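Here's a quick walk through a few local features worth having on screen. Pull up the model and follow along.

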Amino acid sequence: MTTRLLRAVRQHWLLVLFLFAGVLLRIVVEIAYQPALLYIDSFRYLKDLGVFFPGNINPIGYEVLLLGPVLLVGDLGLVAIVQHLLGLGLALSSYALLMRFGCRRWLAALAVAPVLLDAYQLQIEHLIMSDLLFQVLLLLVVLLLTWWGTPGPRLALLGGLLLGGSVLVRLVGLTLVVPAAVFVLLAAGLRPRDGWKRRLGSALALVAGFVLMLSTYAGYHMYWTGYPALGGSTGSVVFGRTAMVADCERLELTPAQRAVCPEAPVAERKRTGIDYYIHFFHNEVDAAELPEEVSYSEAQHSLAFKVLRSQPFEVFGGIAEDFAKGFAPMRTLSPGDVPLARWQFQTEYPLYTDEWVTRDWLEYYDQGSYSVNERAAGFLRAYQLGGGYTPGTVLGLALVLTVAAMLGVGRARRSGLRAVCLLSGGLGTAVLFTAAAMEFSWRYQLPALVLLPLAGALGITAITGRRIDTKGSATNR
């Protein structure tokens, strides 16, 4: 047993080194902030526990799948520990998948280093937030659909259910069914041995599982609120993006649309930011200006789709600009962006509401208060601000390598990995683009830390060729 362990350590020494550093960093985070970090959304999740009301701004997947079950047996400190362990599990699972597909050990270790060592990843794991669970579900989809080879209808159906579950954790997962369905359809290549009928059936099964999960939740929403939906924020998110460019003077608007069209010049709106128009702009609107038969939400929807039809280039130009921001070499901010400091370690405990509110929630769920170890917190902040994160250019390079492999560069055409590159790279790209369509935040780039390096390592393996042992199977010696 000991000999086998030592041999494994020697063979996978770079992973062991990164894993050791990742564990130490997570221990420092645990020392720095007790029992966990709370953000604005954290209080919504905690308030909804035991109620599970679907009409709030966030869907209830996080409370049902992680937060609620852990709090049944422990406190908020245990939630943070579980999330850190899941973060380590993300790296180990990705590494195992890369080994299975013949990736070189050093390359596989480098591919999982962002999840293990990125300070923004460490911070989000310590927050009572849904982001870590979203990452886990997306990687589970990749593992499920690729581990056993070409997925049949049963695995595809389960994959669709998992993807639907990811939407109930974070609504940004709504578009991910597209790259997943394309992968299932093309997983066996352009000349599938099992025939196109089975491939199409598998793709339809994945979509059916996805739709089943979302329609079930929409029915639950209807039971509570009287109308089917996935959450209470969809309309305001679409409105936030379109309000940034709406030409209120030129557009032919109804009285309801004009009542919710911002009066501020477009340049000033960009400085204010999308977040303001999603969460706070309603305070500017005079309800008396709205027709009696039209609600504020309905007016938002109406104006948003009016702008989408009339100014598509301005809307999608803004989305493309925000999408490109995620590939910047450094963590920079543009006017109106969500403050970067929210995702950075602070030397004091960050408060996003009145201190007594934070203490009350902590005492209710944790039988205590919050505390900060200034030396540990100072180390984490210096590590983060000193470059302890993954440059966006690395993720961009990974995406380029993924696309190159999908196009058949080098040995990729005969590698059998192009479809797998499509799945992991497609999911990573789709989630970034969908997030950019709503609002840019560096927090929304974190799913790419899991998916794009994984896709990039698979792309390099496809282009350069997998290692083959004497029996003809993939190996990594």
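What follows covers a surface patch, a helix pair and two backbone oddities. Keep in mind that this is a predicted model.

Let's start at the surface. Phe20, Val23, Leu24, Ile27 and Ile31 come together there as a nonpolar patch, and their accessible area adds up to about 450 Å². Ile31 sits in helix α2, which covers residues 13–32, and Leu24 belongs to helix α2 as well. If you want a ruler check from the patch to a far point in the sequence, try Leu24 and Thr464: they are 440 residues apart along the chain, and their C-alpha atoms are 34 Å from each other.

Here is how three side chains score for exposure:

| Residue | Relative accessible area | Class |
|---|---|---|
| Ile31 | 48% | partly exposed |
| Leu24 | 41% | partly exposed |
| Phe52 | 25% | partly exposed |

Phe52 lands in that class because its 25% falls between the cut-offs of 20% for buried and 50% for exposed. Its backbone is worth a look too: phi is positive, about 55°, even though Phe52 is not a glycine. You'll find Phe52 in the loop between α3 and α4 (61–73).

The other backbone oddity is a cis peptide bond between Gln34 and Pro35, with omega at about 0°. Pro35 is in the loop that links β1 (33–34) to α3 (40–48).

Now for the helix pair. Helix α20 (residues 392–406) and helix α21 (residues 418–438) have axes that come within 9 Å and cross at roughly 145°. The crossing is left-handed. On the α20 side, the contacts come from Leu399, Thr402, Ala405 and Met406, which meet Arg418, Cys421, Leu422, Gly425 and Thr429 of α21.

Technical notes
Residues numbered from 1 in each chain as written. Predicted model: local features only at pLDDT ≥ 70, side-chain atom pairs only at ≥ 80, totals over all residues. Heavy atoms only, no water. Patch = residues over 30% accessible without salt bridge, like charges linked within 9 Å, V, L, I, M, F, W, Y side chains within 5 Å. Areas by Shrake-Rupley, 256 points an atom, 1.4 Å probe, with all protein chains shown as cover. Salt bridge = Lys/Arg side-chain N within 4 Å of Asp/Glu carboxyl O. Helix = DSSP H or I, 4+ residues; strand = E, 2+ residues; numbered from the N terminus. Buried < 20%, exposed > 50% of the residue type's maximum accessible area, 1.4 Å probe, protein only. Axes fitted to C-alpha atoms, helices over the stretch in contact; angles between N-to-C directions. Left-handed = near helix turned anticlockwise from the far one by under 90°. Contact = heavy atoms within 4.5 Å.
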